[in-house]
Amino acid sequence: MKIPTDCSWTFRKLLRLRTVAFPFITKIIGNGESTFLWLDNWHPLGSLFSKFGNGIVFNLGRSLDARVSSIIADGCWRWPRARNAIVQKIIRHTPDNLVPHPDREDTVLWNLTVTGEYTSKSAWGALRVPGEEVRWHYLVWFKHYIPRWAMIQWIAFHGKLLTRDRLFSWGIIADKCCVLCGGSEESHDHIFFVCPFSAAV
């Protein structure tokens, strides 16, 4: 499916993550009616279309939107043109416990949790690049934090507040003297640890 141009920016960004999320989603075969034979991740080899390309679809006389149910008959696998080398490879890599269940519907399994249910925590853990744990995180992010104050604190801890020394280095202002005490250069260290005005406050 192509990304539509008339949808929101957020939805377009989510759709672009499909290729990233695809390996984390497995279809568990029941009757095979809601699972795409070539496109979905239901076989141990993964997406058969990604593995073997477009040729397998036409060589086996199936359409790209064929369902897994098209190769199931009487509760057993019925592969078309079973003498085909690629089909033989697929059959060899199909474990004995992977059998259709005509009385059940197909289900979706999220591979990153024990229960198989999706959680945003598991998705975030798989997608992000973990860094070192910051020791001061509990000073900013805690149960009853005030968002505005926490954000200012977080920016300050990273040394990114728009203090006058930074604005001066960018050429935005001509004077970098502290506006609170007027005695020294305004910087993160000065405001929080040296300035007599902020100390008195």
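No disulfides turn up here: the count comes to zero. Cys181 is a case in point, being in no disulfide, with the nearest cysteine sulfur, that of Cys178, sitting 3.8 Å away. That is no bond under a rule asking for sulfur atoms within 2.5 Å. Keep in mind that this is a predicted model. As for burial, Cys181 counts as partly exposed because its relative accessibility is 29%, whereas Cys7, at 18%, counts as buried, the limit for that label being under 20%.

Turning to the nonpolar core, the largest one has 19 residues. Leu37, Trp38, Trp42, Leu48, Val68, Trp77 and Trp79 have the most contacts inside it. Three helices, H3 (48-52), H4 (54-59) and H5 (85-92), each supply at least two residues of this core. Leu37 gives a feel for the packing: setting aside residues up to four places away in sequence, Leu37 touches Trp42, Leu48, Ala66, Arg67, Val68, Ser70, Ile71 and Trp79.

Then there is Thr35, found in the loop between strand S1 (25-28) and H3. Thr35 counts as buried because its relative accessibility is 0%. Beyond its neighbours within four places in sequence, Thr35 is in contact with Lys27, Ile29, Asp40, Trp42, Ala66, Arg67, Val68 and Asp106. With Asp106 there is also a side-chain to side-chain polar contact of 2.7 Å. Looking further along the chain, Leu167 comes 132 residues from Thr35, and the C-alpha atoms of the two are separated by 58 Å.

Conventions
Residues are numbered from 1 along each chain as its sequence is written. This is a predicted model: local features need pLDDT of at least 70, side-chain atom pairs count only at pLDDT 80 or more; totals for chains, interfaces and linings use all residues. Side-chain values use heavy atoms; hydrogens and water are left out. A nonpolar core is a set of buried Ala, Val, Leu, Ile, Met, Phe, Trp, Tyr and Cys residues joined through side-chain atoms within 4.5 Å. Buried means under 20% relative accessible area, exposed over 50%, partly exposed in between (1.4 Å probe, protein chains only). Helices (H or I, at least four residues) and strands (E, at least two) are DSSP runs, numbered from the N terminus. Contact means heavy atoms within 4.5 Å. A polar contact is a pair of N or O atoms within 3.5 Å; within protein, one must be able to donate a hydrogen and the other to accept it, and residues adjacent in sequence count only if both atoms are side-chain atoms.
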